[in-house]
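Here's a quick briefing for anyone meeting this protein for the first time. Take a look at the sequence and the model, then read on.

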Amino acid sequence: MSNRLTRLYTRRGDKGTTGLANGSRVAKTHPRIEALGDVDELNSLLGLLAADLTENDALQSDLMQIQNDLFDLGGELAVADSNYTVIDAGCLEALEQQVDLQNETLPPLQEFILPGGNRSAAQAHLARSVCRRAERRMVELAASDTVNPLAIAYLNRLSDLLFVYARILARRDGGQEILWRPRNARTSSTEETDSDDA
């Protein structure tokens with residue numbers, strides 16, 4: 001395999017533009033670059049999540065597959081050509097199968113949950129929220145430019161899977177999810193406590 005990068009800096013981006021894989025240059029604030037940046041950020045967060053899991057953790061291989069898919073998705077964005085697509089129906093189906101399989105191990109969700117529970121669960125929630133942002137960027141880009149619609153759907157399903165992962169991770173080692181308590185419930189609880197102390 002030949003070296004892909006011979007120099008880490010080129011100075012070509014110093015004036016606020018960057019090159020796409022098709023040879024064109026666009027502003028670093030272009031919606032395509034914003035979407036690409038969000039996908040890259042998401043991939044980095046998944047790498048951080050994977051790094052905190054043990055080597056033999058069942059989620060490791062799933063996360064590695066997703067990271068590779070996201071790199072392919074980023075490649076689609078960089079090429080910016082409707083004839084070049086990598087994310088296909090098979091990628092989408094694999095995510096949906098994982099969502100169904102993993103969700104079967106969890107009790108029904110009765111309440112909204114807060115991001116957290118433990119470090120890994122919180123990282124999964126952070127990745128989920130960035131995934132949602134990447135999806136929004138892709139939808140915004142699709143309104144004016146070429147985007148693989150299956151790539152948008154992929155991010156939508158991935159955010160669902162990351163939510164399920166967060167639930168699974170929060171329950172590990174005897175842990176639990178943190179349930180959202182509406183303000184009126186928190187206020188009532190505080191008032192009851194104050195009354196008991198009186």
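Which way does H1 pass H5, in a left-handed or a right-handed crossing? H1 passes H5 in a left-handed crossing, where left-handed means that the near helix is turned anticlockwise from the far one by less than a right angle, and right-handed means clockwise.

Before going further, a word on ground rules. This is a predicted model, so local features need pLDDT of at least 70 and side-chain atom pairs count only at pLDDT 80 or more, while totals for chains, interfaces and linings use all residues. Residues are numbered from 1 along each chain as its sequence is written, and side-chain values use heavy atoms, with hydrogens and water left out.

**The overall layout**

- The protein has six helices and four strands; these are DSSP runs numbered from the N terminus, with helices (H or I) of at least four residues and strands (E) of at least two.
- Going along the sequence, you'll meet them in the order β-β-α-α-α-β-α-α-β-α.
- Of the 198 residues in the protein, 35% are buried. Buried means under 20% relative accessible area, exposed means over 50%, and partly exposed is in between (1.4 Å probe, protein chains only).

**Helix H1 and its neighbours**

- H1 covers residues 31-51. Its 21 residues reach 30 Å from first C-alpha to last, close to the 30 Å expected at 1.5 Å a residue; the expected span is 1.5 Å times one less than the number of residues.
- Plenty of H1's side is tucked away under the burial cut-off: Ile33, Val39, Leu42, Leu45, Leu46 and Leu49 are among its buried residues. Polar or charged names turn up there too, including Arg32, Asp38 and Asn43.
- Two packed helices are described by the angle between their axes and the distance between the axes. Axes are lines fitted to C-alpha atoms, for helices over the stretch in contact, and angles run from 0 to 180 degrees between N-to-C directions.
- H1 and H5 pack at about 25°, with axes 14 Å apart. That makes the two helices roughly parallel; the label covers angles under 35 degrees, with over 145 counting as roughly antiparallel, 65 to 115 as roughly perpendicular and the rest as oblique.
- H1 also packs with H2 (residues 58-79), at an angle of about 165° and with the axes 10 Å apart. This pair is therefore roughly antiparallel, and H1 passes H2 in a left-handed crossing.

**Helix H5**

- H5 takes in residues 149-170, and its 22 residues reach 32 Å from first C-alpha to last, close to the 32 Å expected.
- Of those 22 residues, 16 are buried, so H5 is largely enclosed by the rest of the structure.
- Asn148 caps the N-terminal end of H5, with a side-chain oxygen 3.0 Å from the backbone nitrogen of Leu150.

**Salt bridges**

- The count comes to twelve salt bridges, each one a side-chain nitrogen of Lys or Arg within 4 Å of a carboxyl oxygen of Asp or Glu.
- One of them joins Arg137 to Glu34, whose closest N and O atoms are 3.7 Å apart. This pair links distant parts of the chain, with Arg137 in helix H4 (residues 119-142) and Glu34 in H1, 103 residues apart.
- Arg137 is partly exposed at 27% relative accessible area, and Glu34 is partly exposed at 28%.
- Arg137 and Glu34 also belong to a network of salt bridges that includes Asp38, Glu41 and Arg133.
- Arg167 and Glu177 meet in a salt bridge at 2.5 Å, N to O. Arg167 lies in H5 and Glu177 in the loop between H5 and strand E4 (178-179), so the pair ties together parts ten residues apart in sequence.
- Both Arg167 and Glu177 are buried, with Glu177 at 12% relative accessibility.
- Glu177 also meets Arg171 in a salt bridge (2.9 Å, N to O). Arg171 is partly exposed, at 37%.

**Two residues with positive phi**

- Most residues other than glycine have a negative phi.
- Ala80 is not a glycine, yet has a positive phi of about 55°. You'll find Ala80 in the loop between H2 and helix H3 (89-103), partly exposed at 25%.
- Asp173 isn't a glycine either, and has a positive phi of about 55°. Asp173 sits in the loop between H5 and E4 and is exposed, with a relative accessible area of 83%.

Technical notes:
Polar contact = N/O pair within 3.5 Å; in protein donor to acceptor, adjacent residues only side chain to side chain.
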